[in-house]
Amino acid sequence: METAIAISGVRKTFRGSSLAALDGVSLNILKNEFFTLLGPSGCGKTTLLRMIAGFENPDEGGIAIDGIVMGSTPPNLRPVNTVFQSYALFPHMSVTQNIAFALEMLGRPRDAIRRRVAEMIRLLRLEGLSERTPAQLSGGQQQRVALGRALAPEPKVLLLDEPLSALDLKLRKEMQIELKRLQMATGITFVFVTHDQEEALRMSDRIAVMRDGKLMQVGRSTEIYERPANLFVAEFIGDANFLPAVCVERNGVGGRFRLSCCGEAVVELIVADANNIATGAKAVLVVRPERVSLAPLQSALLHGEVPEAIYSGSDLMLHARLVDGTLLRVRLSGAVDVPELVGRNAGFAMTGEAVRAFAV
């Protein structure tokens with residue numbers, strides 16, 4: 001795959017701060033991919049997006065778009081467009097006029113503008129709304145108009161700065177599907193900024209997880225979720241259980257671990273990937289709730305009382321307390337009978353292949 005954006009050793013520190021907003025970030029974003037910058041507030045994701053757009057310049061390092069080094073190239077001369085959280089539509093203009101605006105500023109011929117606007121209206125499913133103003137549109141319709149205005153000039157890269165955060169949950173999920181459809185239909189590289197893990201996992205071809213101005217992990221959604229590179233990614237992405245343990249024996253890339261949350265009982269688990277943890281070292285075993293299953297008490301790996309079960313229709317989340325008080329979360333099919341589990345001791349099982357071990 002060809003590279004759309006090459007980011008090399010980018011560093012940025014803002015005046016009055018001793019901490020770097022971006023600390024040596026290097027990253028390649030491919031053509032025609034939906035790429036997401038994900039992380040908590042203050043991690044540097046929006047700063048990086050603004051640098052790609054040209055609204056900020058790096059103190060060190062560089063950014064190239066489509067093989068051309070941007071340097072201090074201003075935003076209006078970069079082959080990118082940005083969709084902001086606020087939409088920034090012109091309130092006195094119709095849908096047609098809003099979408100046509102950027103094309104008019106570029107001096108495109110009138111007939112070409114008319115054809116392109118009609119194409120955007122069809123692509124965005126805005127038929128019948130072309131003469132309405134933003135005040136006459138729903139939040140989702142306004143979002144589509146903002147996308148149409150940004151996509152109409154056919155930029156090489158579309159930057160999206162948390163554009164769905166102002167929408168309600170149902171509409172946000174609908175727009176997630178719409179955004180992915182648009183990216184696939186246009187073939188334009190989308191760079192999406194969000195702090196919503198579920199949103200990132202659902203839409204992205206690849207994700208960059210950021211923390212304190214640094215990249216923690218870059219990979220596909222399944223890699224990020226199933227094989228987190230460190231404890232931060234494991235904790236930040238989705239739900240996870242963190243079980244204290246000690247490495248008893250190394251075996252190739254894997255190892256045998258003794259859990260420290262089972263009281264006097266000696267409970268050991270062979271983990272497929274031990275992340276180079278030395279024998280005798282303390283560790284944390286990470287396992288996703290859906291990878292834990294109910295098991296008969298007499299043969300279960302872990303035992304705990306279930307004080308709470310949360311039913312959400314599609315699944316059931318059990319909260320169990322192990323012997324030492326460690327919380328174990330277990331996600332089961334929603335068909336499980338809740339009253340039979342709450343207030344009782346239950347047994348739980350997991351496989352070593354479902355567990356990741358990290359040194360502490």
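This section describes the overall architecture and the salt bridges of a predicted protein model.

The predicted fold comprises 8 helices and 20 strands. Along the principal axes, the C-alpha atoms occupy a box of roughly 80 × 50 × 40 Å. Of the 360 residues in the protein, 48% are buried. When contacts are restricted to residues at least 6 apart in sequence, 65% of them join residues at least 24 apart. The exposed surface of the protein amounts to about 17200 Å², and carbon and sulfur atoms supply 50% of this area.

The charged side chains were examined next. The protein carries 40 positive and 39 negative charges, and the mean positions of the two sets are 5 Å apart. Side chains of opposite charge can pair when their charged atoms come close. In the structure, 25 salt bridges were identified.

One of these salt bridges joins the side chains of Glu-178 and Arg-125, with an N to O distance of 3.5 Å. Glu-178 belongs to helix H5 (residues 169-186), whereas Arg-125 is located in the loop between helix H3 (110-123) and helix H4 (139-151); the pair therefore ties together parts that are 53 residues apart in sequence. With a relative accessible area of 9%, Glu-178 falls below the 20% limit and therefore counts as buried. Arg-125, in contrast, is partly exposed, its relative accessible area being 49%.

Helix H5 also contains both members of another salt bridge, Lys-170 and Glu-174, which are 4 residues apart, about one turn of the helix. The closest N and O atoms of Lys-170 and Glu-174 are 2.8 Å apart. Lys-170 is exposed, with a relative accessible area of 59%, while Glu-174 is partly exposed at 39% relative accessibility.

A further salt bridge is formed between the side chains of Glu-198 and Lys-173, at 3.9 Å from N to O. Because Glu-198 lies in helix H6 (residues 197-203) and Lys-173 in helix H5, this pair ties together parts that are 25 residues apart in sequence. Both partners are partly exposed: the relative accessible area is 42% for Glu-198 and 33% for Lys-173.

Salt bridges also occur as a network, in which Glu-2, Lys-31, Asp-66 and Lys-156 are linked.

Key
Residues are numbered from 1 along each chain as its sequence is written. This is a predicted model: local features need pLDDT of at least 70, side-chain atom pairs count only at pLDDT 80 or more; totals for chains, interfaces and linings use all residues. Side-chain values use heavy atoms; hydrogens and water are left out. Helices (H or I, at least four residues) and strands (E, at least two) are DSSP runs, numbered from the N terminus. Buried means under 20% relative accessible area, exposed over 50%, partly exposed in between (1.4 Å probe, protein chains only). Contact means heavy atoms within 4.5 Å. Accessible areas come from the Shrake-Rupley method with a 1.4 Å probe; for residues, only the protein chains shown count as cover. Lys and Arg count as positive and Asp and Glu as negative; His and the chain ends are not counted. The place of a charge is taken as NZ of Lys, CZ of Arg, CG of Asp or CD of Glu. A salt bridge is a side-chain nitrogen of Lys or Arg within 4 Å of a carboxyl oxygen of Asp or Glu.
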